[in-house]
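Please look at the sequence and the model together before reading on. The report below takes up the ligand and its surroundings, and then a number of individual residues.

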Amino acid sequence: MRFLITAGPTREPLDPVRYLSNRSSGKMGYAMAEAAIDAGHEVILISGPVDIDRPRGAAVIPISTSDQMFRAVHQQARNCDVLVMCAAVADYKPANVSKSKIKKRDASLSLELIPTPDILASLPKQDRQYVVVGFAAETENVEANAQKKLQEKHCDVVVANDVSRADSGMESDENEVTILFRGGEIKKLSRAPKKIVARELIKIFANVSEKRLTKKIA
Ligand code: CTP
């Protein structure tokens, strides 16, 4: 099976030396890429800037901005069986990128931010050949918010995690997730190292893809 996995943060430039970003470490996405390779799948990893070694056997497409990630996902998606959107794509970017370094002044400084394109929501909604997995990073009402993302972004599966906890989610080595399926089923994976959670998730996604193929053939 061919997996397309996105991982890490994006960086939205303000000027030649500054950017807006987030705390995503890329650990979960990289763990999933490794787990997919270990399970014998082909992996293309679209990665934001992270401090982790490339998973051996994966084709890595490095990107920096949300616009670059948008283009890379659209170029690669039609050739995959499962798209896993694990990346923490910035929701906003500066309206203007200064060509020269913004100089310090005594007055306060306001930044105008504009929304970035939502990659998941921009994918074809009908007759899609691949399974789409979204992630939901939440600090409150985890399940309800994830359910909303599943519907609004037309995902087949959403993996939700509570990023307000210090021992789970962003930057941490462990994760605890709730998986929501389009058919209404919900499954919880208890807290475990990201590598273990990743292995379970890859099995689940491959299963969803296989079931869909069998349905199409039958
Ligand atoms: N995502 C995306 N394009 C964006 C922002 C997010 O494709 N511009 C994807 C993420 O990769 C993830 C899912 O959407 O799979 C949910 O991301 P999340 O940050 O949890 O939610 P947002 O849609 O950004 O909403 P909010 O920040 O309000 O929770």
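What follows is a description of a predicted model, beginning with the ligand site and moving on to selected residues.

**The ligand and its shell**

The ligand sits in the largest pocket, where 16 residues surround it, and of these Met-85, Ala-87, Asp-91, Phe-135 and Lys-153 come nearest. By residue class, the shell around the ligand divides into 10 nonpolar, two polar and four charged residues. Strand β9, which spans residues 131–138, gives the most to this shell, contributing four residues.

Which residues place a polar atom close to an oxygen atom of the ligand, and at what distance? Three such pairs are set out in the table, with the part of the residue that provides the polar atom given in the second column.

| Residue | Polar atom provided by | Distance to an oxygen atom of the ligand |
|---|---|---|
| Leu-120 | backbone of Leu-120 | 3.0 Å |
| Ala-137 | backbone (N or O) of Ala-137 | 3.0 Å |
| Lys-149 | side chain of Lys-149 | 2.8 Å |

Taken alone, the ligand exposes 570 Å², and the protein buries 77% of that area.

**Residues with a positive phi**

Most residues other than glycine have a negative phi. Against that background, two residues of this model deserve a closer look. Asn-141, which is not a glycine, has a positive phi near 40°, and its place is in the loop between β9 and α3, the latter covering residues 142–152. Is Asn-141 buried or exposed? Because its relative accessibility is 56%, and the cut-off for exposed is over 50%, Asn-141 counts as exposed.

His-154, likewise not a glycine, has a positive phi of about 50°, and its place is in the loop between α3 and β10, where β10 covers residues 157–162. With a relative accessibility of 29%, His-154 counts as partly exposed, since this class lies between the limit for buried, under 20%, and that for exposed, over 50%.

**Two buried residues in strands**

Asn-175 is found in strand β11, which runs over residues 174–181. Its relative accessibility is 2%, and Asn-175 therefore counts as buried, the limit for that class being under 20%. The side chain of Asn-175 makes a polar contact with the side chain of Asn-161, at a distance of 3.1 Å.

Leu-45 belongs to strand β4, made up of residues 42–47, and is buried, because its relative accessible area is 0%. Along the chain, Leu-45 and Met-32 are 13 residues apart, while their C-alpha atoms are separated by 9.7 Å.

**A loop residue and its partner far along the chain**

How far apart in space are Ala-95 and Leu-14, which are 81 residues apart in sequence? From C-alpha to C-alpha, the distance between Ala-95 and Leu-14 is 8.8 Å. The place of Ala-95 is in the loop between β7, residues 92–94, and β8, residues 113–115. At 27% relative accessibility, Ala-95 counts as partly exposed.

Terms used:
Residues numbered from 1 in each chain as written. Predicted model: local features only at pLDDT ≥ 70, side-chain atom pairs only at ≥ 80, totals over all residues. Heavy atoms only, no water. Near = heavy atom within 4 Å. Polar contact = N/O pair within 3.5 Å; in protein donor to acceptor, adjacent residues only side chain to side chain. Areas by Shrake-Rupley, 256 points an atom, 1.4 Å probe, with all protein chains shown as cover. 1 Å grid on protein atoms, 1.4 Å probe; cavity = no way out; pocket = protein on both sides within 12 Å on 5 of 7 lines; lining within 4 Å. Sits in = over half its atoms within 2 Å of the grid points. Nonpolar A, V, L, I, M, F, W, Y, C, P; charged D, E, K, R; others polar. Buried < 20%, exposed > 50% of the residue type's maximum accessible area, 1.4 Å probe, protein only.
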